[in-house]
Amino acid sequence: MGKRIIFIHGRNFKPPKPALSTLWRTAVRHGIKRSYPAKLAAFDQARKTMAYYGDLSNRYLRSRGRRYRQAADIDDRRRALALLRQRQAHEFTRREYNRLPGSSPIKEFLADVAGGPLNWLGLGERAVASVAPDMREYWNPESQFGSDVRWPFTLALKTAMNSGDDILVVSHSLGTLIAWDTFWKFSYYGEYRPYRRRPVSLWVTLGSPLGNETVKDNLKGARATGGRRYPANIVRWHNIAAEDDFISHDQSIEDDFAGLQVHHARTKTVKDHRVYNLAVREGKSNPHSSVGYLIHPKLSELIAAWL
């Protein structure tokens, strides 16, 4: 029994698992070392697992005619992290964000304006498919893609629960949908009955689309009533959403998922945090970037408290 951190990456093309896992661990570790050096040893001792499904995403996106320059992507991710490591904790402000090249609220604004009406008109899924086809494919009932990309996290979560570990899950973008659906399945599906009462002590979502109406309509439990709408194994849920991140344009999950605390006594916290993501990718601001979230002082604070 010990501390275990499970990372779940997001949508779009991804580098191979070793490269991506190293980037994520390096970003989080730097944030801990920068702001909570006394917790660094505890972080290093915690077990860490990357629930990686990038090979599946890459294959699907290539089948849709999209191209991926892997070496260039890895180099750009490393450059972004190197720049972020030069930042002090007090620099993650609106002023510094506004100074980044290409920062703009237009995509988030359009998502805010269109998100609700598109869903009411039945066009939400088509809009998602044009921007994030892998996210739309995730909930396609005619596809195996959703089940396949959940499997690495399913295995990681079972391993952690079997070990009796204190579990922290850090998920980004599409990874937040994977986490929700897996938590829900562990709560109610018969084949996961041995895991129903085993808790996830902290779940952190980064750049999550879970507040989007179309996404909510496609989550596991969306058609259920009462407590069965929500996973029963989450103790604390903290949602971190960056200014201008159009994937997480509905930045509040407290109101959308208040039923978690109403129906499940185990859930103690559902809380939102608004932040500024200072990542620069491909020469311009990228407020959805995973490394920008992972190195942010707010995530460092939450992980340090859990440690």
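Which residue in β2 is the bridge partner of I5? In this predicted model, that partner is K48, and β1 and β2, whose names follow DSSP runs numbered from the N terminus (helices are H or I of at least four residues, strands E of at least two), pair in the parallel sense over 5 bridges. Residues are numbered from 1 along each chain as its sequence is written, and side-chain values use heavy atoms, with hydrogens and water left out. Because the model is predicted, local features need pLDDT of at least 70 and side-chain atom pairs count only at pLDDT 80 or more, whereas totals for chains, interfaces and linings use all residues.

**Confidence**
- The chain has a mean pLDDT (the predictor's confidence in each residue, from 0 to 100) of 91, and 90% of its residues reach 70 or more.
- Residues 106-123 have a pLDDT below 50, and this stretch has 20 contacts (heavy atoms within 4.5 Å) in the model beyond near neighbours in sequence.

**The sheet and the helices across it**
- Six strands form an open sheet in the order β2-β1-β3-β4-β5-β6, with parallel pairing, where two strands count as paired if DSSP finds at least two bridges between them.
- The edge strands, β2 and β6 (269-275), each pair on one side only, and the twist from one strand to the next averages 15°.
- Helix α1 (residues 17-35) lies across β1, β2 and β3 and runs at about 130° to β2, the angle being taken between N-to-C directions on a scale from 0 to 180 degrees, with axes fitted to C-alpha atoms and, for helices, over the stretch in contact.
- α10 lies across β1, β3, β4 (202-206) and β5 (236-242), running at about 140° to β3.

**Helix α9**
- The 18 residues of α9 (residues 145-162) should span 26 Å at 1.5 Å a residue (1.5 Å times one less than the number of residues), and the end C-alpha atoms are 26 Å apart, which agrees.
- α9 bends by about 35° at W151, with the proline P152 following within four residues; the bend is the angle between axes fitted to the seven residues ending there and the seven starting there.
- Its buried residues (under 20% relative accessible area, with a 1.4 Å probe and protein chains only) include F145, V149, F153 and L157, and the buried residues of α9 pack against elements including β1 (3-8), α3 (54-63) and β3 (166-172).

**The site of S248**
- S248 sits in the loop between β5 and α12 (259-263), and S248 is buried, because its relative accessible area is 1%.
- Leaving aside residues up to four places away in sequence, S248 touches G207, S208, A241, A242 and Y293.

Terms used: Buried means under 20% relative accessible area, exposed over 50%, partly exposed in between (1.4 Å probe, protein chains only).
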